[in-house]
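Me: I should like to learn how to read a protein model feature by feature. Could we take one structure and work through it together?

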Amino acid sequence: MTRIGRRLRGWTNGLLDLPQDVLEELPRITLIGNKELYIENHRGVLHFSSEQLRLALVKGSLEIAGEGLVIRNILGQELAVEGIVREIRYKGSEENS
C-alpha cells in the first residue's frame, strides 16, 4: 500500500470510527461454547475434514481442530461450523513464509 493510501486509511479510521475487522479485512470469529463457530471475512476453504478445517484469510490462515466438524452454511465470506471445537489457531502471513 502506498504512503498516501495508508494516510487515507488512518484518516478514515479516526473519522468514521469503523471496526477493525471491516477496515483491515480481519476475520470475525464467534464461538458459542465449543459447539458452534461462525467465521466472517474468510477467503475460502483450504482443507476440510471432520477433525480439521483450514481457511484462507487476507493475511494468513485460520485452523480449527475438533471432532465431528460439519460445515452447516457457507454464504459468501461467512461460514458456520458445528461440532466439538478443540482449538482455533490464527497464522499470520509472516508465519506462513
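**Reading the model**

Reply: Let us begin with a single ion pair: the side chains of E87 and R89 meet in a salt bridge, with N and O 2.4 Å apart. Please keep in mind throughout that this is a predicted model.

Me: How exposed or buried are the two partners, R89 and E87?

Reply: One compares the relative accessible area with two limits, under 20% for buried and over 50% for exposed. R89 has a relative accessible area of 39%, so this residue is partly exposed. E87, at 35%, is partly exposed as well.

Me: How many salt bridges does the structure hold?

Reply: The structure holds 4 salt bridges. One of them joins E67 to R86, with the closest N and O atoms 2.9 Å apart. Because E67 belongs to strand 5 and R86 to strand 6, this pair ties together parts that are 19 residues apart in sequence. E67 is partly exposed, with a relative accessible area of 41%, whereas R86 is exposed at 53%.

Me: Which parts of the chain does the pair of K91 and E63 link?

Reply: K91 and E63 form a salt bridge with an N to O distance of 3.5 Å. The pair links distant parts of the chain, since K91 sits in strand 6 and E63 in strand 5, 28 residues apart. Why does E63 count as buried? Its relative accessibility is 15%, and the limit for buried is under 20%. K91, at 25%, counts as partly exposed.

Me: We have named strands 5 and 6. In what order do the elements of the protein chain run?

Reply: An element order is read from the N terminus, and here it is α-α-β-β-β-β-β-β-α. The protein chain thus has 3 helices and 6 strands. Of its 97 residues, 27% count as buried.

Me: Which residues make up the largest nonpolar core?

Reply: To read a core, one looks for buried nonpolar residues joined through their side chains. The largest nonpolar core here has 11 residues: L37, I39, L53, L55, L57, L62, I64, L69, L79, V81 and V85. Two or more of these residues come from each of strand 2 (36-40), strand 4 (52-57), strand 5 (60-75) and strand 6 (78-91).

Me: What does I39 touch?

Reply: For such a list, residues up to four places away in sequence are not counted. I39 then touches R28, L55, L62, I64, Q77, E78 and L79. Among these contacts, L55, L62, I64 and L79 are also listed in the core.

Me: Where is L31 found, and what is in contact with this residue?

Reply: L31 is found in strand 1, which spans residues 28-32. Leaving aside neighbours within four places in sequence, L31 is in contact with E36, L37, V85 and I88. L31 and I88 are 57 residues apart in sequence, yet their C-alpha atoms are 9.8 Å apart in space. L31 has a relative accessibility of 40% and therefore counts as partly exposed.

Me: Finally, what do the totals for the protein chain say about contacts and exposed area?

Reply: Contacts may be sorted by the separation of their residues in sequence. Among contacts between residues at least 6 apart in sequence, 39% join residues at least 24 apart. The protein chain exposes about 6,500 Å², and carbon and sulfur atoms supply 51% of that area.

Notes: Residues are numbered from 1 along each chain as its sequence is written. This is a predicted model: local features need pLDDT of at least 70, side-chain atom pairs count only at pLDDT 80 or more; totals for chains, interfaces and linings use all residues. Side-chain values use heavy atoms; hydrogens and water are left out. Helices (H or I, at least four residues) and strands (E, at least two) are DSSP runs, numbered from the N terminus. Buried means under 20% relative accessible area, exposed over 50%, partly exposed in between (1.4 Å probe, protein chains only). Contact means heavy atoms within 4.5 Å. Accessible areas come from the Shrake-Rupley method with a 1.4 Å probe; for residues, only the protein chains shown count as cover. A nonpolar core is a set of buried Ala, Val, Leu, Ile, Met, Phe, Trp, Tyr and Cys residues joined through side-chain atoms within 4.5 Å.
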